[in-house]
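Hi,

Here's the structure I promised to pass on. Have a look at it first, and then read my notes below.

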Amino acid sequence: MSTRPSASEAARLELEHHLEERVDALIEAGVPPDEARRRAEEALGDMGRYRRELERMAREEEARMRTREWVATVVQDIRYAARTLWRSPGLTVTVVLTLALGIGVNVSLFGIVDAVLLDPLPVEEPERLVRIYQPVGEGGVMGTSHPNYEDLRAGTESMDPMAAWGTTEVGIRVGERTDRVNAAAVTGGYFEALGVPARIGRALTPADVQGRQGTAVVVLSDRLWSRLFGRDPGVVGRTVEVGGTPFQIVGVAPPRFAGLDLSDPVALWIPLPLIQEVVPESSIYAGDQIWENRVFPWLSLVGRLAPGVSPERGAAELVATARAIAATHGDASNLTTDPSVAPLVTRPAVTAAISTDRETLVDLLTFLSAVVAATLVLACINVASLLLARGTNRSRELAIRRSIGASRGRLVRQLLTESLVLGALGAAVGVAVAAATNRLLASFTLPGGVALEGLGIGVGGRPFALAWLLAVGCAVAFGVAPAWKRSGNAGEREGRSGSSRGGRGLRILLAAQVAVSVVLVVGAALFARSVQRGLAVDTGLEAEGVTALSFGLSAHGYSGPEGGAFSRRLLDRLGEAPGVTVAAVASHVPLAPRRMAFRLVPDESAREDRASINVNVVGGEYFSMLGIDLEEGRLLGAGDTHDAENVAVLNRSAARALWPDRPALGRTFAVMRGLPPVRVVGIVEDAMAHSVSDADVPYAYMPVAQQAGMGWTDEASALVRTRPGVDAPELLRQELRAMEPGLPLYGARNVGDQIRDVLAPQRFGARLVGLLALVALLVSAVGIHGTVSYAVSARRHEIGIRVALGAVPGRILGKVLGREGVAVGAGLLLGMVGARYAARAAESLLFGIQPVDPVSFGAAALLLLGVSAAALVRPVRAALTVDPRRILTEEGPQD
Amino acid sequence: MIGAAIERENTRMSKGELDLLRGTLEFLVLKTLSRGEDMHGFAILDWIRRTTDDDLVVEEGALYPALHRMEKRGWLDSDWGVSDKGRRAKFYRLTRSGRTELAGQEAHWDRYVEAVARIARAAEA
C-alpha cells in the first residue's frame with residue numbers, strides 16, 4: 001500500500017481512476033477509444049462538482065483530525081506537566097501556595113471593591129436611579145416631607161417612577177426571640193421603581209397601600225430570612241410580630257439587596273402607612289404629621305430617570321417642580337424660596353449608597369488594591385525565581401529533548417503548559433484563600449459605616465473570573481520568559497555554571513522580592529502604628545460603656561432658662577435611676593457630627609481678632625465620665641448657677657487660640673460683643689471631639705445652668721454610664737418620657753463603639769496589610785532560602801576545592817554568598833525608597849505619625865534582615881559541611 | 001423497478017426521495033462490500049451493475065461522495081493501493097460498525113419490500 005495523497009490530489013485521482021476503468025470496459029465492449037472517453041465522462045456526470053464535493057469533505061475531515069491531534073497534544077502536555085510537578089512535590093506545593101496567597105488576597109479585595117464601589121446596588125439599571133434630597137446648611141442634605149413628596153411626584157415627568165421610604169428601628173419577634181432590626185416603610189411603587197423582584201413570594205406592590213392605611217404584610221431581607229428562619233422556603237404566609245403588630249410574610253428580597261444605603265442596611269420592608277403600627281405611641285412617626293406636615297422631612301426619595309431623559313434634565317425638572325411648590329406654600333414648604341439656591345439636590349444612587357466618608361473609602365480601597373497587587377507581583381517574582389532555579393536543573397533534560405528533534409516552539413509550549421497548570425492550581429487554591437480571607441475580614445466595618453458582613457461578599461461571579469484571569473496572567477508572566485530562554489541553547493550553557501547568567505537572574509529576582517517585601521512590611525507597620533496612635537489619642541476619652549440619647553427641647557416648646565431647669569431635674573432623676581453609675585448632659589457628644597462654633601471675643605482685644613471656638617454646653621459629671629483631665633483651675637460645678645458669675649472651662653487648644661501669648665486662666669471672653677463676659681475658671685486637656693485626627697480642636701465648655709440657650713435646647717444629649725446588663729438606651733428613653741411625654745427623642749448611640757468605629761479604616765487597613773506583610777515575609781523567606789540553597793548546591797565543587805586548599809569558613813561564605821548578600825542589601829535599599837513613595841501616597845489614611853516614620857522603617861528593615869538570616873541558616877550549614885574528599889572524587893560540577 | 005425510479009429522480013430530487021436514493025445506494029455499497037473483498041469505487045459500481053443486470057442506472061460520480069460519507073461515519077475503511085490493471089486506486093472495505101449498519105438496514109429493507117409487496121398483492125387481488 002502506498003502513502004495517502006493530499007485531499008485535492010486524492011479527489012482527482014479517485015475520479016480519474018474511475019474514468020480510466022470505465023474507458024477500458026467500454027473499449028473491451030468494442031466502443032472506439034475517443035467515443036469511449038466521451039461516454040465514460042457522460043456516465044460519471046459533473047466531474048468538477050464531484051471533485052469539489054470530495055475535496056470539501058476531505059478538508060473538513062482533516063480539520064477535525066487536526067483539532068483532535070491538538071487536543072491530544074495538549075492533554076499529553078498537561079499529563080507530562082503533571083508528572084514533572086508530581087516528581088518535585090515540595091517545589092510544586094510551595095509555588096501553588098505562593099500563587100494561591102497572591103491570587104486569594106486580590107480576589108478577596110476585588111470582591112469588596114466590587115460590592116462597595118463597582119456594583120453596590122443589586123437593582124435594575126442602577127445608573128438610572130437618582131437619589132433626591134433637600135439641601136440643608138452648607139453641603140448637607142436631608143429628606144423630604146410626605147406632602148412635598150406627593151407634589152414632586154405629581155409634578156415631575158422625567159423621574160418615573162419615583163418612590164420614597166422612611167426607616168426606623170423595630171423589634172421583630174419570631175416565637176420567643178426578638179431581634180432589633182432596621183425596617184423601611186416604603187411607598188407601594190418602591191420595589192417596582194428599583195426593579196427588585198422577590199427571591200421567593202412577592203415584593204410589596206401599590207395594592208398594599210390604601211391612602212393612609214395599608215396591609216400588614218412584610219418582605220424580609222435575604223439575610224434576615226436566613227438568620228431567623230434558616231432559609232426555610234415555607235416562610236411565606238407565616239405571621240411574625242413587627243413592633244408588636246402581627247404581619248404576614250409575603251416574600252423574601254433577593255440576596256445582597258438591603259435598600260439603597262450600604263451604611264444603613266434594611267432588614268425588612270413594610271408598606272409606608274404601617275410605620276405607625278410598628279413604632280411606640282410617643283414616636284415622632286405616630287401622629288398625623290407624617291402625612292400633613294410639610295416641614296417634617298422623614299422620607300428618603302429615589303427616582304428612576306424616564307427613558308431618554310438625561311440626569312441633568314431630570315434634575316432640572318425636579319428643581320422647577322420644587323420651586324413651584326415653594327412658590328405655592330412659601331416657608332411652610334420647607335423648600336427654599338431663595339432663587340440663588342437649588343431647592344433640591346440629586347445624586348446618583350450608586351455613589352449615594354455610601355453617604356459619608358466615601359472619599360476615605362475610595363482612598364483606602366485604592367491603596368489596599370495597590371498593596372494586594374504588589375503582593376501578587378511578589379508571588380510571581382518568587383515563583384519565577386523558584387522555577388528558574390529548577391530550570392537550570394532541568395536544562396539537561398531540555399537539551400536532550402531538543403537534540404532528539406523537539407522544536408523550540410514545542411518545548412516552549414510544554415514549559416508554558418507547566419506554568420499554566422501551576423497557575424490553575426494556584427487559582428483553585430486561591431479561591432479557597434479568598435473565601436478564608438473574606439471570613440477573616442467579615443467583622444470589619446469600612447469607612448462610611450459599611451459593614452462587610454452585610455454585603456454578602458462571595459468568591460463567585462466576577463471575583464471568580466478574576467482569579468482565573470490572574471492565574472493565566474501570572475503563568476504567562478513567570479512562565480514565558482524562562483521558557484523561551486531555557487528552550488533555546490542558552491539553557492545548556494546555563495546548567496554548567498551556577499554563577500553565570502542564571503545565577504544573576506536569580507539574584508535580581510531575589511533583590512526584587514526583598515524590595516517588595518520591605519514596602520509591604522513598612523506599609524503594615526505604618527498602619528499598625530496609626531491604630532496604636534489612634535488608641536493613644538483615645539486615652540483623652542474614656543467612653544467605654546457610655547450611652548448617649550439625644551432629644552429636642554425647643555421643638556417641644558422649651559426656652560433657654562427652662563432648658564436649664566429641665567437639665568437639673570433630668571440629672572437628678574438619672575442619678576437615682578437603678579444601674580446608672582454616672583450621668584451627664586451635653587450639647588455636643590464626642591464624635592457626633594453636629595457641633596456649634598462661635599467666634600469668641602477675648603478680653604483686652606480691641607482688634608477684630610476673634611477665634612472660632614466650638615462650644616459645648618455641659619452639665620453633671622461630663623468631664624469625669626469621659627475621662628477628660630483637668631490641667632489648671634477647676635471644673636464646672638453645681639455652684640455655677642444661672643445667677644452666679646458666667647464661667648467656662650477651656651481646653652488647651654482653645655486657651656491657646658484665644659490668648660496665644662499669656663495664661664488664659666482667670667481671663668474673660670464674650671460670646672459676642674456686648675454680651676456679659678465669661679470667666680475662664682479651668683483648663684482641661686485636649687480630647688478627641690469630632691474625629692480622631694482633630695483632637696486639638698479648640699473647645700469651650702460652659703455650664704448648662706447658665707448657657708442653655710446656646711444650642712443646648714435645639715438638640716441635647718443625656719449621657720449615662722451604666723452597670724453591665726442594663727439596657728441604657730431604653731432606660732434613657734423611659735426616664736425622658738416619664739419627665740416629658742411626647743418629647744422628641746432622637747437616636748441613641750454607644751459612644752465607646754463610635755470611637756472605635758472612627759478608627760475603622762486604620763484597623764481594617766492594619767489587619768489586611770498586616771496579613772499581607774506576613775505573607776510577604778513568608779514568601780521572601782522561601783525565596784531567599786531557595787535562591788541561596790541553589791547557589792550553594794551549584795557551587796559545592798568550588799566550595800570543596802576551597803576547603804581542600806585550607807580556606808577558613810568565613811572566607812568561604814564571603815566568596816560564595818557575597819553576591820547573594822549584596823542582592824539582599826540592594827533589595828532592602830530599593831524597598832526603603834519604594835516604601836517612602838508608598839507611604840506618601842497613603843498619607844491621608846495615616847494619622848498621628850509621619851509617613852516616613854523612622855520606627856516603622858527601622859522595624860521593617862530589622863524584620864527583613866532577621867527573616868533573611870533565618871532563611872540562610874540551612875544553606876549556610878550546607879555550605880560549611882561540604883566534604884572536600886567527596887567533592888574531589890566527583891567528576892565535575894553536578895547540577 | 002428500483003432502478004427506473006432512481007434514474008428518474010436523479011434529474012430532479014426532492015428531499016425525501018434523495019434520502020431514499022442515498023439510503024438505497026449506501027445499502028447497496030454495504031451489501032457489495034460485505035462479501036469481504038477490498039474494492040475500489042469502479043469495481044463496487046461494476047458489481048452492483050452486473051448483479052442488477054444494468055437495471056440500476058445512476059450518475060456514476062454520485063457514488064464517491066456516498067463512499068466518503070460512509071467512511072466518515074466509520075462504516076468503511078480505505079487504503080490507497082494498486083489495482084489489477086496496475087493503476088493507483090482507493091480501496092474500500094467494510095468495518096465492524098459498517099457490518100452492524102448493514103444488518104440493521106437489511107432488516108429495514110426486508111420489512112419495506114414485504115410491505116410494498118403486500119400492497120402490490122392486495123391491489124392485484
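To get you started: in which helix of chain A is R12(A) found? The answer is helix α1, which covers residues 7-28. Keep in mind as you browse that this is a predicted model.

Is R12(A) buried, partly exposed or exposed? Its relative accessibility comes out at 29%, so R12(A) counts as partly exposed, since that label covers the range between under 20% (buried) and over 50% (exposed). You can also look for G48(A): 36 residues separate R12(A) and G48(A) in sequence, and their C-alpha atoms are 9.3 Å apart in space.

Next, scroll along to helix α21 of chain A, residues 728-739. This helix has twelve residues, and the distance from its first C-alpha to its last is 17 Å, close to the 16 Å expected at 1.5 Å a residue. Its buried residues are A728(A), L731(A), L732(A), E735(A), L736(A) and M739(A). If you look down the axis of α21(A), those buried residues fall within an arc of 125°, so they line one face of the helix.

Last stop, the cavities. Searching the whole structure turns up five of 30 Å³ or more, and the largest holds about 120 Å³ of space. Which classes of residue line the largest cavity? Eight are nonpolar, two are polar and two are charged. Among the lining residues are P120(A), P122(A), R256(A), G259(A), D261(A), L262(A) and L455(A), so try picking them out on screen.

Cheers

Key
Residues are numbered from 1 along each chain as its sequence is written. Chains are lettered from A and ligands numbered from 1 in the order in which they are written. This is a predicted model: local features need pLDDT of at least 70, side-chain atom pairs count only at pLDDT 80 or more; totals for chains, interfaces and linings use all residues. Side-chain values use heavy atoms; hydrogens and water are left out. Helices (H or I, at least four residues) and strands (E, at least two) are DSSP runs, numbered from the N terminus. The expected span of a helix is 1.5 Å times one less than its number of residues. Buried means under 20% relative accessible area, exposed over 50%, partly exposed in between (1.4 Å probe, protein chains only). The arc is that of the directions from the helix axis to the C-beta atoms. On a 1 Å grid over the protein atoms alone, a cavity is a set of points where a 1.4 Å probe fits but cannot get out, and a pocket is an open set with protein on both sides within 12 Å along at least five of seven lines; lining residues have an atom within 4 Å of a point. Grid points are joined across faces, edges and corners, and a volume is the space filled by probe spheres set on the points. Ala, Val, Leu, Ile, Met, Phe, Trp, Tyr, Cys and Pro count as nonpolar, Asp, Glu, Lys and Arg as charged, and the others, Gly among them, as polar.
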